[in-house]
Amino acid sequence: MLETRKLTKQFGGLVAVKDVDFSLEHGKINAIIGPNGAGKSTFFNVVSGLYRPTSGQVIYKGKDISKLPANKVAELGIARTFQTTHLFEMATVFDNVVVGHRLRTQSNLLDSIFRTKRLKQEEEKCKEKALEVLKFVGLSKSVDRMVTNISQEEKKRVAFALALATDPEIVFLDEPTAGINPDETAELSQLMEKMAQQGITICLIEHKMQMIMKLAEKIMVLNYGEKIAEGTPDEINHNEEVIKAYLGG
Ligand code: ADP
Ligand code: MG
């Protein structure tokens, strides 16, 4: 469904992602692991249209989407979260999701100026959708709380809700469980499994190995921008290259 072909991204002389061929398992949990600076976030940034690749392609449903800007990629059903969540701290959980959703599905300028009937209908839909996804991520009771007053783990759930509000087919999650404790990590893992059960394809970047080995069905390992291994958790666990990369050999 989504694959990259010889995907490369260079920043000046630095090759952050190099010739990466990868395809996502449809409706499954896929993961990308690798040491810091390996190019994981850059890979996401290129696939989600934030950066143009230096060379290579991103193919989605048979079409080359490598030159599309991020909003167009999002419209195709590819959502993402960021390594650090950007939320409006002084707004409610509900408003964060509504505004985020609106920014991604902007109606045209004339609609906004004249506040047309269509716009009002769209806003109603946005609000309904926000409640639906907040319920899905387990935040029904927190919709009216200010983001600044909720826990780190709840903020992660808001970020998930934002991604889900666009009805994505694929969700890219950049270190979704960074900075939260093991119990909270287990809860978020369950949420990711629930998303996959709904048929959403997930691709996550993660450092917590135990969790990845339990959760993911397909893993790609990046090191210095290059794919050094790919396979099931069991295959990755026994891969010499991977062991070397992690031990710094
Ligand atoms: P990871 O997410 O695996 O830790 P990144 O993709 O963030 O790694 O970074 C890979 C390499 O690319 C790093 O050396 C980083 O400094 C560099 N890099 C990432 N983004 C940029 C950018 N916008 N401009 C220049 N260099 C960047
Ligand atoms: Mg990163």
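## Ligand shell

The shell around ligand 1 holds 4 nonpolar residues, 6 polar ones and 1 charged one. The model is predicted. Phe11, Leu14, Ala16 and Ala38 are among the residues that surround ligand 1. So are Gly34, Asn36, Gly37 and Gly39. Lys40, Ser41 and Thr42 complete the list.

Two elements, strand 2 (14–23) and helix 1 (40–47), each contribute at least two residues to the shell around ligand 1. Helix 1 gives the most, with 3 residues.

## Sheet layout

The model has an open sheet of 6 strands. Its order is 6-7-8-3-9-10, and the pairing is mixed. Strand 6 (78–80) and strand 10 (226–231) stand at the edges. Each has a single partner strand, so one side of each is left without a neighbour in the sheet. From one strand to the next, the twist averages 20°.

In general, the strands of a sheet pair through backbone hydrogen bonds, in either a parallel or an antiparallel arrangement.

## Strands 3 and 8

Strand 3 (residues 29–33) and strand 8 (residues 201–205) run parallel. They are joined by 4 bridges. One residue pair can be named here: Ala31 has Leu204 in strand 8 as its bridge partner.

## Helix 7 on the sheet

Helix 7 (residues 182–197) packs on the sheet. This helix touches strand 3, strand 7 (170–174) and strand 8. The direction of helix 7 makes about 150° with that of strand 8.

Notes:
Residues are numbered from 1 along each chain as its sequence is written. Chains are lettered from A and ligands numbered from 1 in the order in which they are written. This is a predicted model: local features need pLDDT of at least 70, side-chain atom pairs count only at pLDDT 80 or more; totals for chains, interfaces and linings use all residues. Two strands pair if DSSP finds at least two bridges between them. Axes are lines fitted to C-alpha atoms, for helices over the stretch in contact, and angles run from 0 to 180 degrees between N-to-C directions. Two residues are in contact if their C-beta atoms, placed from the backbone, lie within 7 Å. A residue is near a molecule or strand if its C-beta atom, placed from the backbone, lies within 6 Å of it. Ala, Val, Leu, Ile, Met, Phe, Trp, Tyr, Cys and Pro count as nonpolar, Asp, Glu, Lys and Arg as charged, and the others, Gly among them, as polar.
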